[in-house]
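Please look through the sequence and the structure shown here before reading on. The paragraphs that follow lead from one part of the chain to another.

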Amino acid sequence: PMWYLDTVANKWNFTWRGNGAVFRYASDQTGDGGINGNYSEVAQIIPPYLGPKKWWDTKYPDSFSRIFKAANGQYYAFVGNAFIGNGKVSKAGGDWNWYVGLATAKSIDGPWYRDSSKTDPDFEFAENPIILKDRGTYFAVFDDLHYTRSIGYAYSADGIHWKRKNLDLTNSVKWSANHQQISKDNPMGLVKSLRTPCSLIKEGNNYVVLFTAYNDSSAYFEVGKIIVSLDPVK
């Protein structure tokens with residue numbers, strides 16, 4: 001779930017990806033205390049969304065980011081889609097396609113449209129962006145499926161046009177075609193497969209990123225934490 005304070009209604013909202021749709025709930029109470037609940041369902045955003053037919057149509061969403069206001073005053077959110085075939089094959093090989101693109105609306109209540117100014121997704125082979133605006137710059141962290149041991153991030157001056165980078169934790173090496181990688185750049189096998197960033201939390205002048213990773217020591221994924229700093233775009 002991704003939370004957003006709707007300053008018009010003065011209510012907290014959160015969105016989450018359900019079975020074939022994105023669900024939005026709003027707090028019953030107004031003000032800061034409303035974040036404690038209770039919440040009631042207010043909308044379902046069901047694909048293929050409104051707008052021209054492009055790569056995202058007829059695909060089910062795998063993620064829906066925190067709603068945010070871009071520099072043009074409109075509401076935006078990143079929508080992810082994962083599907084097999086019939087698209088740009090990931091650079092890592094295989095048949096899976098992981099696309100993330102922007103949806104936009106004039107109000108939080110919609111209707112939501114795909115960003116028709118772009119013919120390609122904002123991020124290819126990515127999932128679950130987490131959005132933050134800091135000192136006039138928009139930042140995002142996400143699951144970077146191009147690499148096994150890095151976190152994807154991007155920044156934007158307006159919230160609409162994004163530049164993608166990756167944060168290399170252990171000299172990341174690109175996946176092979178079968179999505180397996182054997183490397184000596186990861187001592188003790190601490191992070192065999194780094195997956196999803198789960199937070200971008202302001203803590204003083206730094207930010208905390210919790211993430212899931214697999215170290216091959218058990219059948220379960222584990223949780224790690226790194227501290228990062230963000231520089232605004234000048």
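How many residues lie between strand 2 and strand 3 in the hairpin that they form? In this model, which is predicted, the two strands of the hairpin are separated by four residues, and Gly20, which sits in the turn, has a positive phi of about 80°. Strand 2 covers residues 11–17, strand 3 covers residues 22–27, and five bridges pair them in the antiparallel sense. As a general background, the strands of a sheet pair through backbone hydrogen bonds, and they may do so in a parallel or an antiparallel way. Within this hairpin, the residue that stands opposite Trp16 is Phe23 of strand 3.

Strand 3 also pairs with strand 4, again in the antiparallel sense, and here there are six bridges. Strand 4 spans residues 39–45, and its residue Tyr39 is the bridge partner of Ser27. Is strand 3 mostly covered or mostly open to the outside? It is mostly covered, since six of its six residues are buried. In a regular strand the side chains alternate between the two faces of the sheet. In strand 3, Val22, Arg24 and Ala26 belong to one side, while Phe23, Tyr25 and Ser27 belong to the other, and the residues on both of these sides are buried.

The loops between the strands hold some backbone details that are worth locating on the structure. In the loop between strand 3 and strand 4 lies Asn38, and the peptide bond that joins Gly37 to Asn38 is cis, with an omega of about 0°. A second cis peptide bond runs from Gly110 to Pro111, with omega near 10°, and Pro111 is placed in the loop between strand 8 (96–105) and strand 9 (113–114).

That loop between strand 8 and strand 9 also holds Lys106. Lys106 has a relative accessibility of 73%, and therefore counts as exposed. Leaving aside residues up to four places away in sequence, Lys106 touches Gln74 and Tyr75. Tyr75 is 31 residues away from Lys106 along the chain, and yet the C-alpha atoms of these two residues are separated by 6.0 Å.

Two further loop residues have a positive phi although they are not glycine. One of them is Asn10, with phi near 55°, which lies in the loop between strand 1 and strand 2. The other is Phe125, whose phi is also near 55°, and which is found in the loop between strand 10 (123–124) and strand 11. Which of the words buried, partly exposed and exposed fits Asn10? Asn10 has a relative accessibility of 34%, so it counts as partly exposed. For Phe125 the relative accessibility is 2%, and because this value is under 20%, Phe125 counts as buried.

From Phe125 the path leads on to strand 11, which belongs to an open sheet of four strands with the order 11-12-13-14 and antiparallel pairing. The edge strands of this sheet, each pairing on one side only, are strand 11 (126–134) and strand 14 (163–168). From one strand to the next, the twist averages 25°. At the other end of the order, strand 14 is joined by six bridges to strand 13, which holds residues 150–156, and the two run antiparallel. Among these pairs, Tyr153 has Lys165 of strand 14 as its bridge partner.

Glu127 offers a view of the surroundings of strand 11, in which it is placed. Its relative accessibility is 10%, and so Glu127 counts as buried. When residues up to four places away in sequence are not counted, Glu127 touches Asp62, Trp98, Val100, Phe142, Asp143 and Arg195.

Strand 11 also takes part in the lining of the largest pocket, and here a general idea helps. Rolling a probe the size of a water molecule over the atoms shows where empty space is left. The largest pocket holds about 210 Å³ of space, and the residues that line it include Trp3, Arg66, Leu132, Ser199 and Ile201. Which element gives the largest share of this lining? Strand 11 does, with three residues, and the elements that give two or more residues are strand 1 (2–6) and strand 11. By type, the lining is made up of nine nonpolar residues, one polar residue and one charged residue.

Key
Residues are numbered from 1 along each chain as its sequence is written. This is a predicted model: local features need pLDDT of at least 70, side-chain atom pairs count only at pLDDT 80 or more; totals for chains, interfaces and linings use all residues. Side-chain values use heavy atoms; hydrogens and water are left out. Two strands pair if DSSP finds at least two bridges between them. Axes are lines fitted to C-alpha atoms, for helices over the stretch in contact, and angles run from 0 to 180 degrees between N-to-C directions. On a 1 Å grid over the protein atoms alone, a cavity is a set of points where a 1.4 Å probe fits but cannot get out, and a pocket is an open set with protein on both sides within 12 Å along at least five of seven lines; lining residues have an atom within 4 Å of a point. Grid points are joined across faces, edges and corners, and a volume is the space filled by probe spheres set on the points. Ala, Val, Leu, Ile, Met, Phe, Trp, Tyr, Cys and Pro count as nonpolar, Asp, Glu, Lys and Arg as charged, and the others, Gly among them, as polar. Buried means under 20% relative accessible area, exposed over 50%, partly exposed in between (1.4 Å probe, protein chains only). Contact means heavy atoms within 4.5 Å.
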